[in-house]
Amino acid sequence: MSASVKWRRLVSNFMLTLTGVCAVVSVSVLFFILGYLVYNGGTSINWAFFTQLPTPVGETGGGMANAIVGSAKLLMAASLLGVPIGFLGGIYLAEFSGSAVASVVRYAADLLNGVPSIVMGIFAYSIVVLPFKHFSTLAGAFALGLMMIPITLRSTEEFLGGVPRYLREGAMALGASKWKTIATVVVPAAYRGILTAILLALARVAGETAPLLFTAFGNRYWSEGWGQPTASLPVMIFTYAVSPYDDWHRQAWAAGLVLLGLILIINILARTILSRGIAVPRS
Amino acid sequence: MATAKTTLPSAGPATGSRSFVSRLRDGDEIARLTTMVFAATVVLITLLLVYELWTNSALARAKFGFHFFVTRVWDPNIDQYGALPFMYGTLVTSVLALLIAVPLGIGAAIFLAELAPPRISDTLQFFIDLLAAVPSVIYGLLGVFIIVPLMRTVIFPGLNKPLGFMPFFKGPSYGVGFLTAGIVLAIMVIPYIISVSREVLLSVPQDQREAALALGSTHWESTWKVVVPFAKTGILGSIFLALARALGETMAVTMVIGNTPTISASLFSPGDSIASVIANQFTEATGDLYLQALVGLGLVLFLMTFILNGLARILIVVTTQKGSGVPT
Amino acid sequence: MKRIAVLVVGVLALGAIVWAGQNPLLINGAGASFPNPIYSKWFDEYHKKNANIQFNYQSVGSGAGIKQVTDGTVDFGATDGPMNDEQLKAFQDKRGYGILHFPTVLGAAVPTYNVPGVTGALNFTSDALAGIFLGKITKWNDPAIAGANKGVNLPANDIVVVHRSDGSGTTYIWTDYLSKISDEWKSKVGKNTSVNWPVGLGGKGNEGVTGLIKQTPNSIGYVELIYAAQNSIPYGAVKNSSGNFVKADLVSVSAAAAGAAKDMPDDFRVSITNAPGKTAYPISSFTWLLVPAKIQDAAKRDAIKGFVKWMLADGQNYAEGLSYAKLPKEVIEKEKKAINNIQ
């Protein structure tokens, strides 16, 4: 009897240690990735990387200034599309709609969320590129903006819903109309969660490559305005990584480090904001 | 101060007794309509997406019908397009990814939910969430420069020598191929399995664990034989979610899969996936049938992920509600 | 914190608006990766001389170049496989006017490989190449290869074939050659920018194929000469129609074009693979710019015409430095006249 118990305890300790190993392995992948990027990319990051344009094929040197700016423009325009739709739509779901309508909208948002990014690229190509006969920053921003909508929408709805009733009722008791209550009391109370969601949505689309392949296309120069093709960090990483030139590989690592660094900083920022004591429950 | 026309919450949406124009003067109505437009936009966009996918693949669907799914040949030369090699590649790489990621992921989730003290669990979960945020192209970068050489120098010889008689492990190996893509995908989907499984495990009521322990089981036994089965539907949901993510992955796969529409039992064979072939050939598909065949592939992919995501959601909701005692 | 965020966004927005105000003329092109090294050099040099004109060329493969220029999503295309009659008709039907081919340089597709222990140039007979790419010759020490390379220690390793995964003019040139020298290839696979390869891995663009070969031992693939040269990977000599093993270089490629130069058709679409001549390299080809016959935007039209003129004169001087052969004089003269066809 005692031996069997000893055995079972041994198995228990063993299996539980194994799970610990699984957890450690999983987490260490992150640090491995970061370490490798820092090691390979860190040495390649120099001033030229941030300020110069790409050089002709096969020549060394140059940088990715246009890709960095291109990515920034894409994200800015994508936010202008995705955030208002998601935010205001979320307000509708949380404050005004009946539950049937809400389910339909929620379902549509979830569907949109699950669409593979390459399919989103196909959609943006037929809606924006073909009619205007132009690859453009706008087309790329369209694809990315659509991908931001679901996260923004669901999070806005959730965080607004989490604002306690007494806050609303207090405002109403003071004579505020519904929309004023929403604008001045409810949204500010939930702003942390909503801001977090926007940041997370931004971080998610910042690294997307596939939809840009046939919308923003690529550009070896600065992309003027919004209607021209533009370089972007993720696409540059892809192009340079599969090339045979060692100098391009070097630049791909550097770009990877910059991109990942940016995304991780946004993520950490977002989550810290969220965890700084809020009156609304976490998702 | 508020206008004279404030409405109390109990008044609810305007009743039919007021005219539309007078309702419009009410700030609330404008707010309602405005936000409704934006919410409707979401639905419209989704409908438009499905519509575009459907109509832009019409030629291909008309010409091939269901043969599309069983034809192996993909030859733009003779305008013959079959989806089979790409569906095969997509499924094989995703299944391989799950075979690696599920044991690791569930193990890690068990550790985080059952063993680790809350602060460590939260910290580790934080890092796992960061792992989920790493973009696909970065995984591709690592795949090309680390995993492909590793496959060629270590993994292939390691598996091929002892097991080469089995069709799964036959050479030659190029470094790129199904298994390489599967490994990269596994790393990408582990965070999803861990986060969701951890949450469903945490939602299992404490009395379940205590009952098992009270009956004399070890910690592991209570976890494996009581808690995990209780949460198994949710864990299954997390696996579906991971699968849906793996199916749609484009960049990391296209950089390491070999880009050859091949159907082969060997894990080391190069292949291609639906997302990868679309990424490679979309901008150069001359001819309507070619392009529409690619859009048709996109439609297939969309449907696969749609179904899986739907199932996943149902499974996860059912489990967490079961755990908190809420009737489903 | 909120105020800072608003300020940052405002500054960025302002910057973007200011940006949109400046306006060098941007002309977008896409297509063949075969000539990408020289095109990117040309566009760079041309921009230095004409600071208000930018040619943005994306090396995405000839197939994509043809499609994009037909759809009108780029202003010009580039290909090393000339558009066939069907594609020309499709363009005409879609746009209401035609499209013009302008040869730019001469290049060569070379068999490049990564065989452990082999650093020099291997000799390949046409049968050997056809057999390898058909998947019938599977080992490096096969007699078909070894027979032409006496004295070279070829290992008994499996050959890894690398081809293009995207629609490629380089593929067109290669399969055009194989179709001419192998009936089996012609009937089984054919010639096109994208074919149903019997064996092998796919790489994207000349760049991708070169990258794969560099990293994969025992591999063989086909790339434009400059890619092998720039990346210091060995490439082989091919037996030409006269029976000589010839390595691709400026002389042998120019020799291949000599015959065609005199009989150049008006639309400039011609194949010079397996050309006659003792010193000719058998897998040579022109590469073309695809320019629509009618360009609405006058500024773009003048810029493109100006570039083509420059390309035929000063531009040719950059070719040899990057291992492309200059166009024959007769072809240059004929093209100068053809520029006027761009309305």
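## Helix H6 of chain A

The expected span of a helix is 1.5 Å times one less than its number of residues. Helix H6 of chain A, residues 137–161, can be held against that rule in this predicted model. H6(A) has 25 residues, and 36 Å is expected at 1.5 Å a residue. From first C-alpha to last, H6(A) reaches 35 Å, close to that value.

H6(A) is not straight throughout: the helix bends by about 25 degrees at Ile149(A). A proline, Pro150(A), follows within four residues of the bend. Burial is high along H6(A). A residue counts as buried if 20 or more other C-beta atoms lie within 10 Å of its own. By that test 24 of the 25 residues of H6(A) are buried, so the helix is largely enclosed by the rest of the structure.

## Chain A as a whole

Chain A has 11 helices and 0 strands. From the N terminus on, every element in the run is therefore α, as the order α-α-α-α-α-α-α-α-α-α-α shows.

The chain has 283 residues, and 57% of them count as buried. Its radius of gyration is 24 Å, whereas a compact globule of 283 residues would have one near 19 Å. Along the principal axes, the C-alpha atoms of chain A fill a box of roughly 70 × 70 × 35 Å. Contacts in chain A with a separation of 6 or more come mainly from distant positions: residues 24 or more positions apart account for 75% of them.

## Contact between chains A and B

Chain A gives 73 residues to its contact with chain B, and chain B gives 71. On the chain A side, the largest share comes from helix H1 (residues 2–42), with 18 residues. By class, that side of chain A holds 51 nonpolar, 15 polar and 7 charged residues.

## Contact between chains C and B

Chain C also touches chain B. Here 26 residues of chain C are in contact with 18 residues of chain B. Two elements of chain C give two or more residues to this side: helix H3 (62–71) and strand S7 (201–203). H3(C) gives the most, with 6 residues. The chain C side divides into 7 nonpolar, 15 polar and 4 charged residues.

## Strand S11 of chain C

Strand S11 of chain C covers residues 284–292, and 9 of its 9 residues are buried. Ser284(C), Phe286(C), Trp288(C), Leu290(C) and Pro292(C) point one way from S11(C). Ser285(C), Thr287(C), Leu289(C) and Val291(C) point the other way. Both sets are buried.

S11(C) pairs antiparallel with strand S3 (residues 76–79) of chain C over 3 bridges. Within this pairing, Ala78(C) has Leu289(C) as its bridge partner. Strand S4 (residues 99–114) of chain C also pairs with S11(C) in the antiparallel sense, over 9 bridges. There, His101(C) is bridged to Leu290(C).

## A three-stranded sheet in chain C

Chain C also has an open sheet of 3 strands, in the order S5-S9-S10, with mixed pairing. Strands S5 (123–124) and S10 (245–246) stand at the edges, each with a single partner strand, so one side of each is left without a neighbour in the sheet.

S5(C) pairs with strand S9 (residues 237–239) of chain C in the parallel sense, over 2 bridges. In S9(C), Ala237(C) is the bridge partner of Asn123(C).

Conventions:
Residues numbered from 1 in each chain as written. Chains lettered and ligands numbered in written order. Predicted model: local features only at pLDDT ≥ 70, side-chain atom pairs only at ≥ 80, totals over all residues. Pairing = 2+ DSSP bridges. Bend = angle between axes of the 7 residues up to and from the residue. Buried ≥ 20, exposed ≤ 12 C-beta atoms within 10 Å, placed from the backbone. Contact = placed C-beta atoms within 7 Å. Nonpolar A, V, L, I, M, F, W, Y, C, P; charged D, E, K, R; others polar. Rg over C-alpha atoms; globule rule 2.2 N^0.38 Å.
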